[in-house]
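Let's take a walk through this structure, one stop at a time. Keep the viewer open and follow along.

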Amino acid sequence: MSNFKDWALQYVLSDDETAQSEIAKKAAKEIENTRASSASVGSWAASIQPWITITKQDDDNSDDDDDDSGSGDIIARAKALGFLADTLEALDKSLLRPEQVIRLVGFFGAMFSYDHKAGITASAKALRQLYAMKGFKPAVGVKMIEDVCKLKEDFKLQTAATRLEIYELFLSLVQDQSVTNELQDKYGTSSGFIVDIIQLCQNERDPRNLMLWFKLLPIFLTEYSTSDQVTEEIFKAFSAYFPITLRSSATPIGITADDLKNAVRACFASHYKVAKLAFPFLIGKLDQGDAITVSVKLDILKTVKACVEQYDNPQASVVPHVSKIWNSLKYEVRNGEVKDTIDATLEVLRAIANRLDGTKAQKFSVSLLKNYIDIVVDDCRDDLANPTYTKQAGLLLMTVITTNIRAFTLESAAFVDIIRKNLRQPKSPSHTKDLLLLLNSTLKSRADLFKNRKQGNSEDEELFKTESKDHLVALYHDVYLPTWTSKSEETTSEVLKQVVQGLALLATQQTLRPDGQISLLASRSVCFEVCSLLIHTLTKGLALSQNDNSSDAAVEDEAVLALQSVVATYTDGYAELVDRAKVEIEKRDWTSPSKYTLNALQDILSRLAFIGCSRIPLNIALDDEPPKVFKPLQHFIKLAASMQDLFPLSPLPTSEKESLANSYVISALHGAMLHFRDACFEKFEPKVLEAYSGSDRNWLEEFQGLSKNWLHQLQGEDGSSEVVIKEDDPEVYREFLRISLFIVRHLYREAAHGKQAPWTERVFAQVANLAALVVRSLDENLQKSCNLAQNAFNFFFSEDLSSSGPSSVAPFRKLLILGILQGLRPAAMAELYAPQGIAETFMCDTSRMATVLLAVGEIRGTICAVLANKYKGGQSTFDPESETMKRVLSFWGEQLKTATNTDDTDPAIFEVYNTVTMHTLAGACARQDKNVLSLVPILHEAIASPGPNGAIVARTIGGLVKTNELLTSENHAVVKRFYKQWTYTHFAKPLYDLALPTGDEDTAFAAGRYTTAILSLVSNCPFEVYQEDLPALVRLLITALNNNSSASSGGDITQPQVATSLEVLVEILSHEPEALKEHLKAIITAGMKTYEEAAKNTNKVLARNLAAARKLTLQLLRAIPKKFEERHLLPYALPMQRMLAMASGDKSREARKVALLARENWAKVSA
């Protein structure tokens, strides 16, 4: 057994924790090999004898010395005991026999009596390991506690780590039920061991140790029967720390002030037997008033709330203190100014009401809750008549009364009656507003209680079946209607807003019938009157002239929100709203409408869409009426049918205003679709709706048998024409898409073969956007089965327009083609790309291009961009050889080459050709079509061509990488992640060398064009794309600015090249200013000259462009001082200050703003 002595020596001599752990494991293994024989355990324990030779007298003598002569022995002794503790930690916990455990406990326990300098940490650890042994007996646990408590005053002399070991030992022992029984049997209610532990630990200050101390104290309360004296000692132990704070420390400890506060709070709330101590203590702290901070006050209130919520037997623990708590807390709300403390106070009052009501499993006597509410009502009733305290008193009353269903049914009638009486004689408009606000808050709280009625006790739901409702129903005629119709001084805008809110809350209140069926609380007549009143508020703007209409916009906005809520439950109200609005609209003559009338029309139509379609209606019956067939789409259908009847408002528009009236109708329809789609997304998960965005049927075939008036048929009372959909069924989304596609089909057919006069560019654009919304929402299979790609070109008729050429379509009607194509998925468009098919024919058709406007060319180009982007050729496609797009791109390459190499093409006509070309290339570039690369040399050659057409190409080539909202994932476009980098690399990079000035007049012209092309591309790319080319790019930018600033004071300064150069310089300056350091002089000089030239120019036609150029220049100059050290800027400080002083008086307000900021920045540069 000499191995144990060697290992002990090695352990003591080692300072490496890993090595010490390995040595202890060897010792443990040796003991395990002998099955913990008495000899091996004895030898192991005796192995540290050389270091445990100190006597009590020796230890005492060492305490009296001032030197460290005994420190070596102390350290060695501590390590020796650590060897035993670590061995026990590594030892199999089932080996030691009970008598061995007892002897070892006696040995280590003795250390607490005399060896307070060396062995406490190791001994405490050893005792914890012995507690975990199978041979541990509960009586031994009692001895452990008694031995450790012998430390007495020496405990606070131990290190925090040592005390932590002891806390963990105590915690393990007092939580063990068998040890608890032994302690209870030995000490009874006197609990002398608890008193000893409290005396030992009561001065603890270390945060980590405090967390364990605060875990230990509640256990004494919850697991042990203690006398009142001991309970008070325990309470004093943790209350002495309240309120607790944490000093800031440079070393992170992983414990926050909130952790400590929560731990102390848990002590207060641990057991109701400290209630008689806790509540007076906490209320006493709270009543110190201004002597405590907001943080401490919040801590007190949260602690009171925790006690109220967690104490058992509230009749004995909470009820005796309710009056004192209320008398203290009411002033925090009545006179309080800090929102946080007011909210925390209300939470306490709410907690009391809930605690006295009972639990989910058991209700307490109703008298407990009623007595509490009576205390609150008695104190607050009179304050409701005093405008100074109305809001505070009402808040206190409402908080308590609306806390739970039982409280509401007990006292709501009395509370409402008090408010109603005060509203008959209000003291001021603000008093009226506050009273109405309380009434509305009460109704809102009731709605919340009803919604959550199933979450509490089963009795709660029954209370709604039997509650008194008359006092609530009477509010319409007794309060809201008289206040609304009153013409007194009290009827301010704020008062009317509260009335509108109250009307909505009243009309949407729900209740339970005796059979459990949900119905509206108000009668049909009340709901009808509420709707009529609110509808009149919205529609009177159309009925009156601008001079007569004195409506309040804020009240109207509130009425919109109110109707949105009301018609979601009282569904008949929406039909009335739409019909009344429709009548008012049709009364008007929409020939040459005024701006006021148009605004009123836009307002009412957009509001109709929002009110009826932003929520899916609820299936709620009216009181005493049988439920109707539930039709969640009825509001959407009603609006769509009405808009179909209204369009066109102006059959023969002759002005922009008349066209606007027609477009607003389509816009309302579009808005309704957006709102209803969003309502579906809000109610159902988007992933759920994905499964409902398609169908195994061809909806367009089904539509062929339907009349134009199908939407009107769907409104039938029996709902026989509509799919029957249950409440909360996501099938509503599929039906919404089906009806929306029918609307799209109807509008397209009208646009193709109906009266053409109403169909202006604006209306076409609105319908196209509407169609895109619907089409992009359909899944791929449905898009294919409905053959939407073909229908985009034939407008849902059987004729194939591709046979007569796409140019036969009216110019702006092509927007309709775009509307469908932009929402299609690539696979649904595959058929279009057959060789010589619709896509190729459309993209290569130039038959009428020479006669169209640039705006029409833009539309055509955008369609080509979509077609070029969603192309997919190859095997198993309609273009197996992948030749279609190759031919299209080759075609436009030849067109470009011809137009720029000859002088025959008029620049205005070429502008249209170029627009289509660039859009087509942009669509192909987004998916990195390799066929585009064959056009790179053609475009470079076109840019350098001497005619004006080359300048057009150079200026617009940036369109290849310009962000296009149609080429996005939302529209199912194919957009490669690095396509801008790819395009820039092939089109811009080769031009840098060619764009640098060489002094040769023959190449100077081409270099200027190449510079323009590079700037056009760079300005549409993120910084990271062109970052590696900064040296060459910066030189080009400076050259571009210098060339323009040295020009005459004509129009050169407004060229896009100047603005682009400035924008790119600002971008570089924000990302990598170091790239500009060597060129500061050139940049500052060019910037100042650019501003001065722009400021001198008095051309009114160019005023807007000149203002933009000045602002950009000032933005560049403003940023420079923030990016560079002062020494680099000193030479330019004075001239810059003079120029900026002049710029501070710029004609443009935006430019003046930037100039003032620039002056501030440059003022910091010392001259």
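**A serine inside a helix**

At 16% relative accessibility, Ser 445 falls under the 20% cut-off, so this residue counts as buried. Keep in mind from the start that this is a predicted model. Ser 445 sits in helix H23, which covers residues 429-451. Once you set aside the neighbours within four places in sequence, its contacts are Met 398 and Thr 402.

Now for a lysine. Lys 297 belongs to helix H16, and with a relative accessible area of 14% Lys 297 is buried, because the cut-off for that label is 20%. What does Lys 297 touch, leaving aside neighbours within four places in sequence? The contacts are Leu 286, Gly 289, Ile 292, Glu 332 and Thr 341. For a sense of scale, try Lys 297 against Gly 1145: the two are 848 residues apart in sequence, and their C-alpha atoms are 55 Å apart in space.

Stay with H16 for a moment and move to the loop that links helix H16 (294-310) to helix H17 (314-317), where you'll find Asn 313. Its phi is near 50 degrees, a positive value in a residue that isn't glycine. Asn 313 has a relative accessible area of 34% and is partly exposed. Ser 592 has a positive phi too, about 50 degrees, and is not a glycine either. Look for Ser 592 in the loop between helix H30 (572-587) and helix H31 (595-613). With a relative accessible area of 53%, Ser 592 is exposed, because the line for that label is drawn at 50%.

While we're on backbone angles, check omega as well. The peptide bond joining Phe 242 and Pro 243 is cis, with omega about -5 degrees. Pro 243 lies in the loop between helix H13 (228-239) and helix H14 (257-268). Another cis bond runs from Phe 647 to Pro 648, with omega near 0 degrees. Here the proline, Pro 648, is in the loop between helix H32 (634-646) and helix H33 (656-683).

Next up is the nonpolar interior. The largest nonpolar core holds 373 residues, and the members that touch the most others are Leu 130, Trp 213, Leu 821 and Leu 1033. Helix H37 (residues 731-753) supplies the largest share of this core, 13 residues. Apart from this core lies another, of six residues, including Ile 405, Phe 408, Leu 449 and Phe 450. If you'd like to zoom in on one hub of the big one, pick Trp 213: not counting residues up to four places away in sequence, Trp 213 touches Tyr 167, Ile 197, Ile 198, Cys 201, Ala 237 and Tyr 241.

Helix packing comes next. How do H26 and H27 run relative to each other, parallel or antiparallel? The axes of helix H26 (residues 475-485) and helix H27 (residues 493-507) come within 9 Å and cross at roughly 150 degrees. Angles over 145 degrees count as roughly antiparallel, so that is the label for H26 and H27. Their crossing is left-handed. On the H26 side, the contact uses Leu 475, Tyr 476, Tyr 480, Thr 483 and Trp 484, while H27 brings residues including Val 495, Leu 496, Gln 498 and Gly 502. By class, that contact has 10 nonpolar and three polar residues, with no charged ones.

Compare that with helix H22 (residues 405-424) and helix H24 (residues 458-466), whose axes are 9 Å apart and meet at an angle of about 30 degrees. An angle under 35 degrees counts as roughly parallel, so H22 is roughly parallel to H24. This crossing is left-handed. Ile 405, Arg 406 and Thr 409 in H22 meet Glu 459, Asp 460, Leu 463 and Phe 464 in H24. The residues in this contact split into three nonpolar, one polar and three charged.

Last stop: Gln 517, in the loop between strand S1 (510-512) and strand S2 (518-520). Is Gln 517 buried or partly exposed? Its relative accessibility is 31%, which counts as partly exposed. Leaving aside neighbours within four places in sequence, Gln 517 is in contact with Thr 511, Leu 512 and Ala 621. Asp 623 is 106 residues away from Gln 517 in sequence, yet the C-alpha atoms of the pair are 9.8 Å apart in space.

Definitions and conventions:
Residues are numbered from 1 along each chain as its sequence is written. This is a predicted model: local features need pLDDT of at least 70, side-chain atom pairs count only at pLDDT 80 or more; totals for chains, interfaces and linings use all residues. Side-chain values use heavy atoms; hydrogens and water are left out. A nonpolar core is a set of buried Ala, Val, Leu, Ile, Met, Phe, Trp, Tyr and Cys residues joined through side-chain atoms within 4.5 Å. Buried means under 20% relative accessible area, exposed over 50%, partly exposed in between (1.4 Å probe, protein chains only). Helices (H or I, at least four residues) and strands (E, at least two) are DSSP runs, numbered from the N terminus. Contact means heavy atoms within 4.5 Å. Axes are lines fitted to C-alpha atoms, for helices over the stretch in contact, and angles run from 0 to 180 degrees between N-to-C directions. Angles under 35 degrees count as roughly parallel, over 145 as roughly antiparallel, 65 to 115 as roughly perpendicular and the rest as oblique. A crossing is left-handed if the near helix is turned anticlockwise from the far one by less than a right angle, and right-handed if clockwise. Ala, Val, Leu, Ile, Met, Phe, Trp, Tyr, Cys and Pro count as nonpolar, Asp, Glu, Lys and Arg as charged, and the others, Gly among them, as polar.
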